[in-house]
Amino acid sequence: MSDAPDAPVLRMEAVRKSFGGSVVLRDVDLEVAPHTVTALIGASGSGKSTLLRCANLLEEIDDGAIWLDGEEITDPRADQDAVRRRIGVVFQAYNLFPHLTVLENITLAPRRVHGVPRAEAEARARELLERLGLGGKAGEYPDRLSGGQQQRVAIVRALAVRPRLLLLDEITAALDPELVGEVLTVVRGLKDEGMTMVLATHEMAFAREVADQVCFLEGGVVLERGTAEQVFGEPRQERTQRFLRRIVEAGRL
Ligand SMILES: Nc1ncnc2c1ncn2[C@@H]1O[C@H](COP(=O)(O)OP(=O)(O)OP(=O)(O)O)[C@@H](O)[C@H]1O
């Protein structure tokens, strides 16, 4: 474990991942400082989701290493379940259990996996629901909520276990455009509270606004990495420039 206050929460070094014969991540390096937001951008298929899935040990890497708070989590001796309990993940599809209420969805993992007593888990869930503007929804079933509300419940569920790091994978991609804003507002709020986050996104204007670090992936390679100003302002690589030009032309930046 690392004690330095600004030691990276997440560090990836020379991470490689292939599926079958095709290399999806090639020697990816990444450092995520505490209380910062890292945005992964890049074309569809560039490896953003795979990178997040490797960080959470949902995929086994072929080479390289990953550290969480200074502990090498890709070490075969690492306790993978314990690592996953320290990382919250929200996916594009909310994956809420339809037969459970909002409150039950949120308290399931804290109670069953973390052994938190019911009253404590419910109090934390209600507090988070209130903070994310879902105060009246604890007893509802997911299908009674809008897509934006369901995604906010999924974020509450990820936060309920007090994760050290939050990974957000295209969390607005499945939403109708008018519902995107309410979810992005939640992410802004979490940033203000100091939550360390890595998010894969196609919302370029949002990435530019919220990210302390932007990582541009192309074909599994980190082509550019820097502040939002550096990557969006004056990208060094011609491929990044072309990608951003296409996005600007499509009116997404
Ligand atoms: N389980 C898998 N088996 C085989 N190939 C996979 C698997 N997961 C991802 N891939 C391939 O890896 C490449 C990168 O996929 P990934 O989902 O990481 O990209 P992405 O940048 O997140 O794309 P998008 O923006 O569309 O979500 C793609 O070519 C994809 O088809």
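**Fold and ligand shell of the chain**

The unreviewed UniProt entry annotates residues 10–244 as "domain: ABC transporter"; UniProt positions follow the numbering used here, feature names are shortened, and annotations may be inferred rather than shown by experiment. The structure is a predicted model, in which local features need pLDDT of at least 70 and side-chain atom pairs count only at pLDDT 80 or more, while totals for chains, interfaces and linings use all residues. Residues are numbered from 1 along each chain as its sequence is written.

The protein chain has nine helices and 10 strands (DSSP runs numbered from the N terminus: H or I of at least four residues for helices, E of at least two for strands). With a radius of gyration of 18 Å, close to the 18 Å from the globule rule for 253 residues, the protein chain is as compact as a globular protein of that length (the radius is taken over C-alpha atoms, and the rule is 2.2 Å times the number of residues to the power 0.38). Across residues 10–244, helix accounts for 37% and strand for 25% of the chain, and the end C-alpha atoms lie 27 Å apart.

What surrounds the ligand? The residues around the ligand include Phe-19, Val-24, Lys-48, Glu-170 and Ala-200, where a residue is near if its C-beta atom, placed from the backbone, lies within 6 Å. Helix α1, residues 48–55, gives the most to this shell, with three residues. By type, the shell holds three nonpolar, seven polar and two charged residues (Ala, Val, Leu, Ile, Met, Phe, Trp, Tyr, Cys and Pro count as nonpolar, Asp, Glu, Lys and Arg as charged, and the others, Gly among them, as polar).
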